[in-house]
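Here's a quick briefing to read alongside the model. Have the viewer open and follow along topic by topic.

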Amino acid sequence: MTNRLADESSPYLLQHAHNPVHWQPWDARAIEDARSRNVPIFLSIGYSTCYWCHVMERECFENPAIARQMNDHFVCIKVDREERPDLDDAYMAAVQMLTGHGGWPMSVFIDPRTLSPFWAGTYFPPAPARGMPSFPQVLERMSGAYKLRPGEVAKQAQAVADAVAERLAPNAHPVAIGPEQVGMAVQTLLTIFDRADGGFGRAPKFPQPVYAELLLAVRGHLSDPGQQAAVDHALTMTLDRMALGGIFDHVAGGFHRYSVDAYWLVPHFEKMLYDNAQLLSVYAQASAHYNDPFYAHTARRTADYVLTEMLQPSRAFSTAQDAEVGGREGQNYLWTPEQIRDALPPDDATLALDIFGLNSGTNFTDPHHPNAPASNVLHLSARPSAHAVRLGMSAEQLQHRLDAINANLYAVRQQRPQPRLDDKVLTSWNGLMIAALARAGRLLSQPRYHAAAAKAADWLLAHHTHPTLGLIRTSRALGNGAHATPGPTIAAGLEDFAMFAEGLLELARTDARFLTPARALLDDALSRFADGKGNHLDAQPQPGQPPLFITPRSTYDGAIPSGNSALANALLTLADITGEHPPREHAAAVLTSISHAVAESPIATANSTRALLRLLTSDEGTLHKAQQRAGAVAHQNPLPDDLGIQVHASADEVILTPDQPAEMHLRIVIPPGLHINDAYAGDDSAGTLTPLRVAVTGGTGVAVYADYPKGSKAPARDRTPGIHEGTIDLPIALELTGDWTGHPALAVTFQPCTNNACLLPQQITLDVHLTKP
């Protein structure tokens, strides 16, 4: 069995080329097929390293009966989200609005006449399970609705399209932004910082390098010593815990996608080029900021991993490594004590069992195969220097031993079945890695990193430029990798232009020949993606394809920065290198065009907020002029400032002792007609809402822990986060931790809302005197 995906180059699409489903790529032929047959489109969006995408393929798309149902009643289209982020953004917005959550595989049912979605979800099982309908049931209902109630389907599709347009189309009027948004972002990050385990938010924990980049940028501009100490603590604790935890591959280097727990211990095992690029940059910068050899070592091991396992013969970089091997999550990365002893000489095995935590018992059980034997994710409980003291050896001696141990374990691991490699080359992700390697080469005095970045840049300039499209989005090596075949040409998006330009500019700091192509890319991007109304859209028209129901203009800086935030930062980098003023003017105009999103949520737009900080500290007047030209108005809170929300403490003084945590209660009183987001809203809303938090501000040396209740479901809202109304009682505990600096004080941060709108987050500092004997 072969379908049209056999002619594609994407590894993800090729994985489905022999399904019994008559998959087609997203193109004019497939859409016309649906229109001529008068059947809905079933659109499945995923990517090659997506675990649940593999599961749904095995359970549903390889099932002949389900495939027959799909083929008879739908035109089935497969999309690699990494090739078409514009499609992914537009239809993911619909999924989130219809279901309150998102994820992959994305399952979208589309009216072929307008390409607007009328129903959507994510993974569906082959039979009803865990409260979910079966995929055959969903197919039957969607096909029946389209045949029997076409008017209702069209009306629903239009309503969804309108809602997506309101969210993603650039239709908000510019507002004034400035230092307040930077301060709000910092305060929010310090509030949601996990003081127990590092990171921002709760499990599952993502590295969120855009947050670290913002805090690294802001730490040199803080006048309050207490806030400076708090920022440094949040940064260093987070970077330490990630580098020590199982999310870091201690054998080969590099970072896995995220941690399934709050402790950075057990990862989701896929490895993405964009994560490792951004984290390489973060650790290289942190090593310079803090003069910290541990961060430098982490950065070098990340770069070396990429150059060993992600570098192609062409000198460009592959996209990702899969999480599973042989249908098992993380199979390549797990160890048992017996495997360690078999792989190493006795003395090294004893040291490895101790330092990597295997002596403390197993820490991994495959949740999808609970009967499989338990095993271990390797991790460190402390920095190697601390282990060296405990073991009575120098840090250099221990590091030398660990390097030898890791080399031997890596050699053994390479004999195992290996995870699949998605070897397509994406322009934007390669741009991120080029910038990271160039930056690391400079900061770590490693010329070989700069050389690798330059070779990748030269290859992209030779193979990813296009006479009419400017750049192409993706290619895949043919044969030995010496020649690239993109398959159907995919026009590059704004993020490709901006991120590749940033990579070239980082190279240009030490090699001026890269300045000219970087400038050309930015000039092209400014005109190519302009909508004629002062905005820059995410995508350009794709050759020979009908337009989407919306061309998105995303502002959210998540795992990958948005195209607009990347463009603003690249323009500022060009201005920094050349001293020219026009790039700063363009950057100010870009920031002004997305100012409403920045004002609404400075951490959801963290990379744009970082660009705002760069502009404020280099040329604030240019920002003001851009706002004046655009007619920017003051950002209006939808609610009055004084809402009458009160926070009462059960004590006005707390004496903290080293051996005993102090306990007290807080009561939050919320007037009728208002509610506040619960403590889990930040995670549940992908960072767009601010959660309830109790924190210590103004100093360090005190940690606070709160027993946060889960909120109730908010009425008349399309999101899942919970809310609190009326009165909330919060038990909290405080304890001494680390050095006491500044004037620690208790503060409660919350975001008040009505059923229709939310105010900017507010913070109340409590009149509670914290002291120690």
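**Thr700 and its strand**

The side chains of Thr700 and Thr741 are joined by a polar contact of 2.5 Å. Keep in mind that this is a predicted model. From that pair we'll move out to the strand around Thr700, then on to two sheets, a helix pair and a loop residue.

- Thr700 sits in strand 22, which covers residues 693-706.
- Is Thr700 buried or exposed? Its relative accessible area is 15%, and because buried means under 20%, Thr700 counts as buried.
- The Thr700 side chain also has a polar atom 2.9 Å from the backbone oxygen of Asp739.
- Leaving out residues up to four places away in sequence, Thr700 touches Ala229, Ala230, Asp739, Trp740, Thr741 and Pro744.
- Zooming out, strand 22 has 11 of its 14 residues buried, so the rest of the structure largely encloses it.
- Strand 22 runs antiparallel to strand 25 (residues 727-750), and 12 bridges join the two.
- One of the places to look is Arg693, whose bridge partner in strand 25 is Thr749.

**The five-stranded sheet**

- This one is an open sheet with mixed pairing, and its five strands come in the order 1-3-2-4-5.
- At the edges are strand 1 (24-25) and strand 5 (116-121), each pairing on one side only.
- Strand 2 (residues 41-46) pairs with strand 3 (residues 75-80) in the parallel sense, over six bridges.
- Within that pairing, Gly46 stands opposite Asp80 of strand 3.
- Helix 2 (residues 28-37) packs on the sheet and touches strand 1, strand 2 and strand 3. The direction of helix 2 makes about 155 degrees with that of strand 3.
- Helix 7 (residues 150-168) packs on the sheet too, touching strand 4 (106-111) and strand 5. Its direction makes about 85 degrees with that of strand 5.

**The three-stranded sheet**

- Here the order is 8-9-12, in an open sheet with antiparallel pairing.
- Why is one side of strand 8 (271-272) and of strand 12 (421-422) left without a neighbour in the sheet? Both stand at the edges, and each has a single partner strand.
- Strand 8 and strand 9 (residues 320-321) run antiparallel and are joined by two bridges.
- Met272 has Ala320 in strand 9 as its bridge partner.

**A helix pair**

- Helix 11 (residues 273-290) packs against helix 17 (residues 427-443) at an angle of about 20 degrees, and their axes are 8 Å apart.
- Since angles under 35 degrees count as roughly parallel, that label fits helix 11 and helix 17.
- Their crossing is left-handed.
- On the helix 11 side, the contact residues include Leu273, Tyr274, Leu280, Ala284 and Ala288. Helix 17 brings, among them, Trp429, Leu432, Met433, Ala436 and Leu443.

**Gln545 in its loop**

- Where is Gln545? Look in the loop between helix 20 (515-528) and helix 21 (563-578).
- With a relative accessible area of 24%, Gln545 is partly exposed.
- Setting aside neighbours within four places in sequence, Gln545 is in contact with Trp26, Asp27 and Arg84.
- For a sense of scale, Gln545 and Ala343 are 202 residues apart in sequence, and in space they are 54 Å apart, C-alpha to C-alpha.

Note on methods:
Residues numbered from 1 in each chain as written. Predicted model: local features only at pLDDT ≥ 70, side-chain atom pairs only at ≥ 80, totals over all residues. Heavy atoms only, no water. Helix = DSSP H or I, 4+ residues; strand = E, 2+ residues; numbered from the N terminus. Buried < 20%, exposed > 50% of the residue type's maximum accessible area, 1.4 Å probe, protein only. Polar contact = N/O pair within 3.5 Å; in protein donor to acceptor, adjacent residues only side chain to side chain. Contact = heavy atoms within 4.5 Å. Pairing = 2+ DSSP bridges. Axes fitted to C-alpha atoms, helices over the stretch in contact; angles between N-to-C directions. Parallel < 35°, antiparallel > 145°, perpendicular 65-115°, else oblique. Left-handed = near helix turned anticlockwise from the far one by under 90°.
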